[in-house]
Structures are given as structure tokens and as C-alpha cells.
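Trainee: Hi! I'm new to this one. Could you walk me through it while I ask things as they come up?

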Amino acid sequence: SDHLYVLAADSMEGRETGKEGQRKAAAYIAAHFEASGLDPIQGSYFQEVPLKVTQLKGGVLSLGQEILIYKDDWVPYPGIEISDVEGEAVFVGFGIQDDQYSWDDYEGLDVQGKVVIMLAGEPGNEKKGYPLSETGEPGRWSKDRSAKRELADSLGASAMVIVTEQYETMKSRFIPWLSRERMRLDVEREGEGTDLPTVLMSPAAMLRSSPWKSLEDIRKKWPKRKLKGTDWPFCRLAIARVDERVMAANVWGFLPGSDSTLADEVVVLTSHYDHVGVDSEGLIYNGADDDGSGTVSLLENVQAWTEAHKAGKAPRRSMLFMAFVGEEKGLLGSEWYSDHPAFPLEQHVCDLNMDMVGRVDEAHADDDRYIYLIGSDKLSSELHDISEAVNTDHIGIELDYTFNAPDDPNRFYYRSDHYNFAKHNIPVIFYFSGVHEDYHGPGDTPDKILYTKMAEIGRLVFLTSWEVANRDGKLTVDQVNDFPSDR
């Protein structure tokens with residue numbers, strides 16, 4: 001409670017990543033790590049995480065003399081950092097090359113350095129079927145969001161315009177996302193798809209500067225009649241965007257193992273300490289449960305482990321304690337750590353991650369002695385068995401696996417920092433008490449936390465980590481993680 005009333009105080013300004021409140025929270029956590037006796041790592045309790053903040057302010061897209069209006073006629077495709085582009089435009093039908101079905105929209109067309117304009121989806125319809133699919137349903141060219149973009153990029157296109165009859169629906173989904181600040185790791189990535197500038201356009205906007213009469217006209221005549229390069233006007237795309245680079249930090253501390261044969265193996269306990277900050281009206285989102293509850297549970301586990309160490313009960317394996325930044329921005333801090341680990345990833349035994357462990361959801365309104373466990377059996381059946389045994393022998397709360405189901409529509413397995421360990425085949429357990437009415441709202445305050453419940457969960461985490469850290473054998477990874485890699 002003492003810790004949480006500090007971390008979730010108004011003075012922390014919602015602990016938004018990259019802001020002053022986040023830095024204050026990091027300093028508080030690091031001071032506790034140091035006072036408890038954890039060792040710094042690489043000379044510091046902070047692992048710096050470089051970030052880039054981008055906000056789209058607007059833009060201009062023109063086809064020949066036709067000026068197309070931002071939002072009314074076109075919007076950038078979310079998640080792609082668009083730069084200014086200009087050049088000849090080429091219409092490429094559906095933008096598909098498919099050897100299996102002998103279909104090539106690019107045949108006879110030179111798109112090197114040009115803007116390609118294409119229809120969304122693929123040839124066919126529900127009535128007549130889809131010629132590029134054997135199932136009678138739309139195939140991969142409709143379902144794979146990156147396939148057309150990667151193809152256009154490989155053929156040398158400078159940008160891509162997708163014309164879709166679903167423009168109004170998609171625009172309504174994209175606009176709120178596009179208007180927000182976007183934060184990502186400030187790092188150049190190679191071999192992870194394409195960053196080809198891509199926009200969505202309404203059919204009406206495209207047809208105003210086109211010799212085609214309608215999309216149906218295109219479907220009937222394409223690909224028998226392909227436009228020549230001289231038939232299409234010059235295209236120009238200009239984007240107004242503000243970029244800022246900021247430095248945030250994960251907070252880490254280390255407790256070395258006492259067994260020389262096992263000390264290279266590392267058991268990891270984690271939480272995220274950032275939250276969503278202050279809204280446009282000045283309301284502070286304190287984030288007491290999300291994830292102040294997990295963070296103070298991490299601090300209590302640090303104290304328990306360091307007191308055990310001082311009492312001559314040091315762990316056989318080493319312990320790594322980490323409070324991650326940037327979880328609310330897309331698991332950024334844990335992604336950075338998994339790409340820049342303090343120790344080789346193969347030395348990490350497991351990650352026990354606490355995120356929102358201080359409240360109850362509607363399904364457990366009458367009994368707060370429960371916790372959702374997610375991921376415990378996905379990679380290591382031994383970790384799952386240890387967790388069950390510890391709870392049976394020492395804690396006795398309900399272990400609810402509802403959100404552990406592979407078809408869980410909430411996809412919580414992908415939505416907290418443990419995921420960046422699991423994707424490297426490091427066993428995980430995600431401890432989570434569920435979503436409540438104050439989730440990501442100004443009402444998530446420390447007076448609503450169930451501290452006795454939170455203490456029980458903290459003990460469950462401690463005793464589970466105790467068993468893993470002191471057992472003879474390293475956890476066996478004996479399960480196949482059958483979740484798709486794209487979260």
C-alpha cells in the first residue's frame with residue numbers, strides 16, 4: 001500500500017512513457033532495488049530504451065490536376081511511416097502475381113520508381129466464386145495484409161494506393177489511430193516486411209481522374225485492357241508529420257545465484273510500471289491496478305528474495321527483476337530487452353509476469369481469492385505443474401485458466417510483457433486478475449485495490465519462483481507454442 005500510494009499518486013502524472021512522471025517512477029523503483037541489495041546490471045539500475053514518437057498532422061495527395069482531400073478521399077495505412085513521394089502512377093489491377101493460378105497483374109507494366117494504384121481484394125465475387133482460391137472463399141490475396149505490399153516493393157514501386165469499396169468503414173477505424181501519437185523503438189529493422197508508403201483511397205476519388213467509369217467497369221475489362229503509363233496522371237503524396245526522439249528506461253536489478261553450477265541460469269520476475277498519462281482535459285490516469293499493482297508486487301518480491309539471501313537462503317539460480325517501460329505503447333520495453341538481453345536468452349529459465357493483480361472482474365465479484373493464469377502450460381508442462389503444486393500446498397486460491405484458451409478472443413497472451421519472452425521459447429506465466437470498470441480510466445486509484453488479495457498473489461509468485469530457482473533441473477521446454485506469431 002505504501003509503495004502504491006507513491007507510484008499511483010497524482011505527482012506521477014500517470015507514468016506515461018517518455019514523460020516526467022515515468023522518469024520519477026523509474027527513479028523510485030531503482031532506489032528500492034538498490035536499498036534492498038540487488039546488484040546493478042552493466043553498472044546501472046536502468047536499461048535505456050530509445051524511442052521515436054510520431055504524430056501525423058495531415059497531408060496532400062494529388063493525381064494530375066486533381067487534389068484529393070485528406071480523410072474525405074484518402075488516409076494513410078496505419079503502422080507505416082510515410083514519407084513524401086512523387087512520380088508517375090500506374091494502375092495494376094488487383095496488384096497480384098500468382099504463379100499457381102497463372103495470374104499476373106504486373107505483366108507488361110514497368111512500376112520501377114512509380115506509384116502503383118490497385119483494387120483491394122482479388123478477382124471474383126460470392127456469386128461466381130474466386131478464381132485464385134480453391135475453397136470458393138477469398139484467398140490469401142484478400143486475407144494477407146502484407147502480401148500485396150511486399151510484392152509491389154519487390155518490383156520497385158515507390159508507393160502504393162489501395163482503392164477499396166470499404167473505404168468509409170476502414171477510415172472510421174483508422175482515423176482515431178492516426179490522430180494519436182505513435183511511439184515505437186528507435187531502431188532500424190531489416191527483414192521484417194516492408195515500409196513501402198501505402199494509402200487507402202475511396203473509389204470515387206480514384207475514378208475522378210481515371211478513364212474507367214466504375215469499379216465494375218474495371219473488373220469486366222481488366223486485365224484485357226491495361227492502361228499505358230501515359231494514360232495515368234502524375235501522382236504526388238506529401239505528409240505533414242512531427243517526429244521526436246525520447247529516451248526511456250527499463251529498471252532492472254540482479255541477485256546472483258549461490259550454486260556455481262546453476263548460477264548462469266536466470267529466473268525472471270517482471271511487471272510494467274508505465275501507464276497512459278494525462279488526458280486532454282487534465283485528468284490524471286493513476287494506473288493503480290494497471291500496472292501499479294504488478295509493480296509493487298515486484299518490489300515486495302525483491303524484498304522477500306533479498307531478505308532470504310541475507311538470511312543465508314540465497315537462490316541456487318540467479319534472479320533478474322525487471323520493471324518494463326512502454327508496455328502501454330506496444331510492449332516496447334520488453335521487446336527492447338528481448339533484443340538486447342543482459343544475459344544470453346538461452347540462460348533465461350522462465351518469466352513470471354504480474355500485470356493487473358489488485359482488483360476483481362465481474363466473473364469473480366463474489367469471491368476475490370482467484371487469479372487468471374495465462375501461458376503456464378504453453379511451453380513447459382513442468383512450470384505448469386510447479387505452479388499448481390505451489391498453490392495447492394501453500395496458497396489455495398482459484399487458478400482460473402479461462403483466458404489461457406487458444407481461441408480466447410481477448411488474446412491476453414499477446415498483450416503483456418511475458419509475450420516477448422514466450423516468443424523466444426522461454427516459459428512464462430502471466431498473472432492477471434481481469435478487466436474492471438476503471439481499466440484505462442481515471443478511476444483506477446489505489447484506494448480501490450484489494451491489498452490482501454494482491455499479497456496472496458505476490459506470495460504465489462514468490463513461492464513459484466523459489467521452486468524454479470532451487471530445483472535441480474532446468475525447466476524443460478516440452479510443448480509447442482501453437483499460437484500464430486503475428487499478435
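Trainee: Which residue forms a salt bridge with D377?

Mentor: K378 does, and the closest N and O atoms of the two are 4.0 Å apart. Keep in mind as we go that this is a predicted model.

Trainee: Okay! Is K378 buried or exposed?

Mentor: K378 is buried, because its relative accessible area is 10% and the cut-off for buried is under 20%. D377 has 31% relative accessibility, so D377 counts as partly exposed.

Trainee: Which residues do salt bridges with shared partners join into a network?

Mentor: R359, E437, D438 and K448 are joined into one network that way.

Trainee: And how many salt bridges are there in the whole structure?

Mentor: A search of the whole structure gives 23. One of them pairs E66 with R208, with 2.9 Å between the closest N and O atoms.

Trainee: What does that pair tie together?

Mentor: E66 sits in strand β2 and R208 in helix α6 (residues 203-208), so the bridge ties together parts that are 142 residues apart in sequence. E66 is partly exposed at 26% relative accessibility, and R208 is partly exposed as well, at 43%.

Trainee: What about E216 and R219, where do they lie?

Mentor: Both are in helix α7 (residues 215-221), three residues apart, which is about one turn of the helix. Their side chains meet in a salt bridge, with an N to O distance of 4.0 Å.

Trainee: Switching topic: how many residues are in the largest nonpolar core?

Mentor: That core has 59 residues, and F33, F321, I371 and Y431 have the most contacts inside it. Helix α12 (residues 451-470) gives the largest share, seven residues. There is also a second, separate core of 54 residues, with L56, Y70, M160 and A205 among them.

Trainee: Why would nonpolar side chains be found together like that?

Mentor: In soluble globular proteins, nonpolar side chains tend to be buried together.

Trainee: Back to I371, what is it in contact with?

Mentor: Leaving aside neighbours within four places in sequence, I371 is in contact with residues including V357, I397, L399, Y431, F432, I457 and L460.

Trainee: Which residues form a nonpolar patch on the surface?

Mentor: V60, I67 and I69 do, with about 250 Å² of accessible area together. I67 is part of strand β2 (residues 66-68).

Trainee: Now a polar one. Is S334 buried or exposed?

Mentor: S334 counts as buried, because its relative accessibility is 1%. S334 belongs to helix α9 (residues 332-339), and a polar atom of its side chain lies 3.2 Å from the backbone oxygen of L331. Setting aside neighbours within four places in sequence, S334 is in contact with F324, V325, D417 and N420.

Trainee: Anything in the backbone I should look at?

Mentor: Most residues other than glycine have a negative phi, and most peptide bonds are trans. Here, Q42 has a positive phi of about 55 degrees although it is not a glycine. Another positive value is found at K71, with phi near 80 degrees.

Trainee: Where are those two?

Mentor: Q42 is in the loop between α2 (20-36) and β1 (46-63), and K71 is in the loop between β2 and β3 (74-76). Q42 counts as exposed because its relative accessibility is 64%, while K71, at 37%, is partly exposed.

Trainee: And which peptide bond is cis?

Mentor: The one from D290 to D291 is, with omega near -10 degrees. D291 is in helix α8 (residues 288-310).

Conventions: Residues numbered from 1 in each chain as written. Predicted model: local features only at pLDDT ≥ 70, side-chain atom pairs only at ≥ 80, totals over all residues. Heavy atoms only, no water. Helix = DSSP H or I, 4+ residues; strand = E, 2+ residues; numbered from the N terminus. Buried < 20%, exposed > 50% of the residue type's maximum accessible area, 1.4 Å probe, protein only. Polar contact = N/O pair within 3.5 Å; in protein donor to acceptor, adjacent residues only side chain to side chain. Contact = heavy atoms within 4.5 Å. Patch = residues over 30% accessible without salt bridge, like charges linked within 9 Å, V, L, I, M, F, W, Y side chains within 5 Å. Areas by Shrake-Rupley, 256 points an atom, 1.4 Å probe, with all protein chains shown as cover. Core = buried A, V, L, I, M, F, W, Y, C linked by side-chain atoms within 4.5 Å.
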